[in-house]
Amino acid sequence: MAHQRAGQHRDSQLDVQLPDYARELLERSTLIIVSNRGPVEFHQTNDGEITTKRGTGGVITAMSAAARFADAVWVACAMTATDRVIAEKMRQRREALLTIPDLPGFRLRFVVPDTEAYHGYYNRIANPLLWFLQHYLWDTPRAPDIDHETWQAWHEGYVAVNRLFAEEVVAAAAAAPREPIVLLQDYHLYLTPTFIRELRPDLLLHHFVHIPWPDQDYWRLLPLPMRRAICEGLLANDIVGFQTPRHARSFLNTVDANLPEAEVDYRRREVTYRGHTTRVRVYPISIDPELVRAVAESEDACRHREHLEAFRNEYTIIRVDRAEPSKNVVRGFLAYDRLLEKHPELIGRVNFLAFLVPTRMEVAEYINYLDEINAVVGRINAKYANAAEIEGIHWEPVHLFVGDDYPRALAAMKFYDVLLVNAIFDGMNLVAKEGALLNERNGVLILSEGAGAYQQLGQWALTVSPTDIEGTAEALWQGLTMPAAERAWRAEQLRRHVVEHDLRRWLVDQLHDIADLYAERTPHRLIAPS
């Protein structure tokens, strides 16, 4: 089978200097990383050649670094038609694992649900039901409606596909040449640990939840059997990780409210349920500063920077986001509109550049939200066209860049005066960290209290409530007019924190807790972390 890169991809080699205990743990282990979407997708060109599209994101970068020291298997769904063709050929040849040339050290194991089951699992339950719930996005008087089709999607989709994942994980563990450590990722797989425990109660299971965990009262939007199953699934793990202390505390509250037989120790952040103890921990995900800087200095990014010079102004505001409801893009534009109303002296002097990536276009709510974004941008640009003409200038207040172009987004981050991150709720939000690292103008970060990054960066940012349009407009004005000395101090503190709390630290903190757990179970085998 021939492979080639489909377009340019980021080099995912994180330069990790591991402590002795972490290196020894990895050298003794087979890492089984489990996620809905794998580190690579396969596509077929018109001439029949198979190409690989490498995934992006911190998990792939961090796990690629860990795989340099450990035997590593990635268990993920066959996402594309070509993925399924390859998976079928592997089945016919009785090959369980696929070597990936683009990811040295990794082998891929496919989960292949039928298309109807996957649709129910992903498009009805994981997205939008769980995603919307965990980001507080439901318009509760009207949605969600848990009807017979939702229950069918739960049983025949979400439950069924989670069981398939568990079977593949157990098979991978049985074939592992070293002691397996299972690292599950995110909200798609809440039930998988329960099914793994039924088959292999001895496996060490670690589950990281990348998105927020809402207050336990909000979980009542789901029927009790669903939310009990989710809590039980996560408590089948040895360690459950969250982005922030607030999310971890909300999880403990949710368990307390829905599993009265569970013993919740808030001080130690542990839950004992049916004789099994689960540790609840906090691991704020981050970026690899060297890698981000390398992409920002790449030839592609430099070309974009030259092109974007034409869109800069005396003052430049930017945002970089997926075009989806939790990012609160529309309210950000409404706040900008209000800023121009309150401060007409800014007309012609400030530009708002928005870099938006369409996502989940198979889900109606996301399609509608992108339409709303385009509509509000059109209204703002039309509203101020006459005002600009009166001033005798050609000026477009908002410039919208739609498409997945990471080098272009990083190029823009270098020259903002204000970076707006006003998400309703986010697990973390790495844009805030990338901007803080790259900006060369001592730009001001405006950060929503709902973003996970606020727990780390909020003290040096301007704080906004995600629904407060007037307050966000005021923060934009404050950011644009902030004294130079204060801008410089805030920017330096942000940059320093991002460098010190990087992606390596996210990985090592998890390995520390796994090694600690192993040391308690088998003290003669591993060096305990100090």
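Which strand pairs with β1 in the parallel sense over 6 bridges? In this predicted model, the partner is strand β7, which spans residues 179-185.

## Strand β1 and its neighbours

Strand β1 covers residues 29-34, and its pairing with β7 includes a position where Thr30 stands opposite Pro180. Strand β4, made of residues 71-77, also runs parallel to β1 and is joined to β1 by 5 bridges; in this pairing, Ile33 of β1 stands opposite Trp74 of β4.

## Two faces, both covered

In a regular strand the side chains alternate between the two faces of the sheet. In β1, Ser29, Leu31 and Ile33 point one way, while Thr30, Ile32 and Val34 point the other way. Residues pointing in either direction are buried, and the strand is accordingly described as mostly covered, with 6 of its 6 residues buried.

## Leu31 and the nonpolar cores

In soluble globular proteins, nonpolar side chains tend to be buried together. The largest nonpolar core here has 86 residues, and among the members that touch the most other members are Leu31 of β1 and Trp74 of β4, together with Leu108, Phe110, Leu445, Leu447 and Trp506. Helix α18, which runs over residues 503-521, supplies the largest share of this core, with 9 residues.

Leaving aside residues up to four places away in sequence, Leu31 touches Leu26, Ala66, Ala70, Asp71, Ala72, Val73, Ile181 and Leu183. A second core, separate from the one that holds Leu31, consists of 69 residues, including Val240, Val271, Tyr273 and Tyr366.

How values were computed: Residues numbered from 1 in each chain as written. Predicted model: local features only at pLDDT ≥ 70, side-chain atom pairs only at ≥ 80, totals over all residues. Heavy atoms only, no water. Buried < 20%, exposed > 50% of the residue type's maximum accessible area, 1.4 Å probe, protein only. Helix = DSSP H or I, 4+ residues; strand = E, 2+ residues; numbered from the N terminus. Pairing = 2+ DSSP bridges. Core = buried A, V, L, I, M, F, W, Y, C linked by side-chain atoms within 4.5 Å. Contact = heavy atoms within 4.5 Å.
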